[in-house]
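This briefing sets out what can be read from the fold, the aromatic contacts and the enclosed spaces of one protein model. Please keep the sequence and the structure at hand while going through the points.

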Amino acid sequence: MLESHFFADLIEAGCDEAGRGCLAGSVFAAAVILPVDYTNALLNDSKKLTEKQRYALRKQIEKDAVAWAVGEVTADEIDEINILNASILAMHRALDGLKVRPQAVIVDGNRFKPYGTLPHQTIVKGDGKYLSIAAASVLAKTYRDDYMDNLAKQCPFYQWEVNKGYPTKAHRAAIVEHGVSPFHRKTFKGVKEMLEEKEENS
């Protein structure tokens, strides 16, 4: 069973992101405040859940949470500020969207920038340790998957409905064959080289 909170006696928001290692699309993050003493035996790191479980849990989380919100940072913004800063910005945007103000923040991973004056704690593999971070990982992942499924309809070559923008063999081959889409992250390895090659040949 995952832990219910890290900070005692504070309204705590858990944060996590999805899509950091992708070659295309926005990075998404979620922030979730769960009720005190909340329990959910099914809730876990989204990577350990099936797609069906994630979407069922999303409904449950949205119903049970004291507050939840999702933040997005676009591929263009990622290219401008780098993926680490973009991931943190997406978390800050998610926190901005919460209808209840948190008094503390816990974050999956080991990097975060202060959100206002709130105390925060980074927790490596936090999505497998704390319920609110696990809930945030489920929301971030499912909302990003929905977004990539929609992008796949606009750019069918890349099979984003299957790979969600991650650098699979098929995705890389499609970039070679069809070039770089407007949704690709132009500073990422595997995309950058294609653009440089195109420039050299033009």
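How many aromatic pairs does the count come to? In this predicted model, the count comes to seven aromatic pairs, and one of them is described below, followed by the sheet, the pockets and the cavity.

**Aromatic pairs**

- Among the seven pairs is that of Phe6 and Tyr130, whose ring centres are 6.1 Å apart and whose planes stand at 70°, so this pair is edge-to-face.
- The pair links distant parts of the chain, since Phe6 belongs to the segment before β1 while Tyr130 belongs to the loop between β5 and α4, with the two positions 124 residues apart in numbering.
- A pair of aromatic rings is described by the distance of the centres and the angle of the planes.

**The sheet and the helix packed on it**

- Five strands form an open sheet in the order β3-β2-β1-β4-β5, and the pairing within this sheet is mixed.
- The edges are taken by β3 (67-73) and β5 (120-123), each of which pairs on one side only, and from one strand to the next the twist averages 20°.
- Strand β2 (residues 27-33) runs antiparallel to β3 and is joined to β3 by seven bridges; in this part of the sheet, Val27 stands opposite Val73 of β3.
- Helix α4 packs on the sheet and touches β1, β2, β3, β4 (104-108) and β5, while the direction of α4 makes about 35° with that of β1.

**The largest pocket**

- The largest pocket has a volume of about 440 Å³ and is lined by 24 residues, of which Asp16, Glu17, Lys47, Asp108 and Asp127 lie nearest its centre.
- At least two lining residues are supplied by each of β1 (12-18), α3 (83-96) and α4 (131-154), and the largest share, four residues, comes from α3.
- By class, the lining of the largest pocket comprises ten charged, seven polar and seven nonpolar residues.

**The second largest pocket**

- The second largest pocket, with a volume of about 270 Å³, has a lining of 15 residues, and those nearest its centre are His5, Leu10, Glu12, Leu34 and Val36.
- Nine nonpolar residues enter the lining of the second largest pocket, together with three polar and three charged ones.

**The cavity**

- A search of the whole structure finds one cavity of 30 Å³ or more, and the space in the largest cavity is about 40 Å³.
- The residues that line the largest cavity are Ala18, Gly19, Lys141, Arg144, Asp145, Lys164 and Tyr166, and the largest share of this lining, three residues, comes from α4.
- Four charged residues, two nonpolar residues and one polar residue make up the lining of the largest cavity.
- Helix α4 thus appears under three headings: α4 packs on the sheet, supplies at least two residues of the lining of the largest pocket, and gives the largest share of the lining of the largest cavity.

Definitions and conventions. Residues numbered from 1 in each chain as written. Predicted model: local features only at pLDDT ≥ 70, side-chain atom pairs only at ≥ 80, totals over all residues. Heavy atoms only, no water. 1 Å grid on protein atoms, 1.4 Å probe; cavity = no way out; pocket = protein on both sides within 12 Å on 5 of 7 lines; lining within 4 Å. Points joined across faces, edges and corners; volume = space filled by probe spheres on them. Nonpolar A, V, L, I, M, F, W, Y, C, P; charged D, E, K, R; others polar. Pairing = 2+ DSSP bridges. Axes fitted to C-alpha atoms, helices over the stretch in contact; angles between N-to-C directions. Contact = heavy atoms within 4.5 Å. Phe/Tyr/Trp six-rings, centres within 6.5 Å; stacked < 30°, edge-to-face > 60°.
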